[in-house]
Every structure is written in C-alpha cells, then in structure tokens.
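Reader: Could you pick one part of this model and take me through it closely? I'd like to know what sits around it and how far I can trust it.

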Amino acid sequence: MCSRYYIDDDIINDISTLLPDIKCSEAMASTRDIHPGDKAPIVRGGKTGFSLVDMKWGYPQYSGGKGLLINARSETVLQKPTFSESVLYRRCVIPARRFYEWDDSRNKVSFSREGGTTLYMAGFFNLIQDELRFVILTTAANASVRPVHERMPLVLEKKKLRNGYTIQWKHRGS
C-alpha cells in the first residue's frame, strides 16, 4: 500500500451510525490527506466498547534508521517481533474515504468504494514513546488495484466491524 489516504468530516458521522455507542471524545476528523507521521482518528475496541481516538501513523524504525514502519503484510505479521504482540492484542480500524497508490509514471491513483462510502482498513496499534501509534495491515491487491500496485490495505466489511473486529481478541495493555 502507498503512504497516503484521505479522510473527511463525514467519516465521524458514518462511524457513529455504524457504532451508535462509540465514544468520540478525543478524535475529530477534518477533510485532508493523511501522511505517515500524521495523527488521524482511529477506531479501537476495549472491554467497554468502541472508542475513536487520535493516533499517529507509523512505528519508529527500531534499527535506528530514519522513517516509519507504516504497513505490515497480513500474511507474515505474526512472525515479526515488532508487530506480533500488537496485532494479537491491540487491533484497530482505520476509517478512510479513499487510499492512494502511485503508478509506474508516479501519478497518484485514487481507490474508493463505489458510492464513496467509508472504507474500514484493518490495523493495530501500540503505545510507543508515550504516544499511541498505528500500522495498517496490507494484503495482495484485488483486481481493481493490481494494475497499479501489488499490495493494498486489508479492507474490512462493515459487518466485521459491527461484529467486533477490534474487541473479539484478547486484550492486554492499552
């Protein structure tokens, strides 16, 4: 997956309709592109239900390198020490209106649901250096994305979110 996605003000309304008991105390969406290192509204589950919180996109490189770890391959995430505990215990959902990929000519290509409804991307988070940070899970591209890029975000259907994608797992820590 590329390193950008788009949110707008209506995403909070969409989430509130889908999850009427969600707590929206901290996060507020605004219309903008989200870049690695930006804070964005993220849905996380807990023992008492869902909440919407601002988190920073990307884990710092632990090898001392520059940049952020912003995506993780869903097929191998449990094998990575940097990600395995977070994906087991701290799943989250990243709402977006669309995400972007760049083609071979470096043109930005936008991908969204038909009708422009909210996308719910699977992810996980951790508390790192006193700050909540998230990573987006990726999977092999579907037929619409494949001509542009081989990977894409793992997009959840609404029923997965309603059925507790973020709270059906064991919880430990934040």
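Author: A word on terms before we zoom in: two residues are in contact when heavy atoms of theirs lie within 4.5 Å of each other. Also keep in mind that you're looking at a predicted model.

Let's make V135 our spot. It belongs to strand 12, which runs over residues 131–140 and has the highest confidence in the protein chain, with a mean pLDDT of 96. Is V135 buried or exposed? V135 has a relative accessible area of 0%, so it counts as buried.

So what is packed around it? Setting aside neighbours within four places in sequence, V135 touches Y59, L69, I70, N71, A72, F83, I94, A122, G123 and F124. Take Y59 from that list: Y59 and V135 are 76 residues apart in sequence, yet their C-alpha atoms are 7.0 Å apart in space. That fits the wider picture of the chain: of the contacts between residues at least 6 apart in sequence, 65% join residues at least 24 apart.

Two of those neighbours, Y59 and F124, also meet each other. The structure has six aromatic pairs, and Y59 with F124 is one of them, an edge-to-face pair with 5.9 Å between the centres and 85 degrees between the planes. Y59 sits in strand 5 (residues 59–60) and F124 in strand 11 (residues 119–128), so their pair ties together parts that are 65 residues apart in sequence. Like V135, which is buried, both Y59 and F124 are buried.

Now follow strand 12 back to the loop between it and strand 11. Q129 is in that loop, and D130 is there too. Each has a positive phi without being a glycine: about 50 degrees for Q129 and about 60 degrees for D130. What about accessibility? Q129 is at 64% relative accessibility, so it counts as exposed. D130 is exposed as well, with a relative accessible area of 75%.

Strand 12 also contributes to an aromatic cluster: F134 groups with Y5 and W57. Y5 takes us to strand 1 (residues 5–7), which runs antiparallel to strand 9 (residues 98–102) and is joined to it by two bridges. There, Y5 stands opposite F99. Strand 9 in turn is joined by five bridges to strand 10 (residues 108–112), again antiparallel, with Y100 and S110 as bridge partners. In the hairpin of strand 9 and strand 10, which has five residues between the strands, R106 takes a positive phi near 65 degrees.

These strands belong to an open, antiparallel sheet of four, in the order 2-1-9-10. Strand 2 (32–34) and strand 10 are the edges, each pairing on one side only. From one strand to the next, the twist averages 30 degrees.

W57, the remaining cluster member, leads to strand 4 (residues 49–57), which is joined to strand 3 (residues 39–46) by eight antiparallel bridges. A hairpin of two residues connects them, and G45 stands opposite F50. Strand 3 also runs antiparallel to strand 8 (residues 91–96), with two bridges between them; R44 stands opposite C92 there. That brings us back to where we began, as I94, one of the residues of strand 8, is among the contacts of V135.

Stepping back, the chain has three helices and 14 strands. Of its 174 residues, 45% are buried. It exposes about 8,900 Å², with carbon and sulfur atoms supplying 46% of that.

As for trust, the mean pLDDT of the chain is 85, and 86% of residues reach 70 or more. Confidence is lowest in helix 3 (residues 158–162), at a mean of 68. Over residues 167–174 the pLDDT is below 50, although this stretch has 21 contacts in the model beyond near neighbours in sequence.

Note on methods
Residues are numbered from 1 along each chain as its sequence is written. This is a predicted model: local features need pLDDT of at least 70, side-chain atom pairs count only at pLDDT 80 or more; totals for chains, interfaces and linings use all residues. Side-chain values use heavy atoms; hydrogens and water are left out. Two strands pair if DSSP finds at least two bridges between them. Buried means under 20% relative accessible area, exposed over 50%, partly exposed in between (1.4 Å probe, protein chains only). Accessible areas come from the Shrake-Rupley method with a 1.4 Å probe; for residues, only the protein chains shown count as cover. pLDDT is the predictor's confidence in each residue, from 0 to 100. Axes are lines fitted to C-alpha atoms, for helices over the stretch in contact, and angles run from 0 to 180 degrees between N-to-C directions. Rings of Phe, Tyr and Trp (its six-membered ring) pair if their centres lie within 6.5 Å; planes under 30 degrees apart count as stacked, over 60 as edge-to-face and the rest as tilted.
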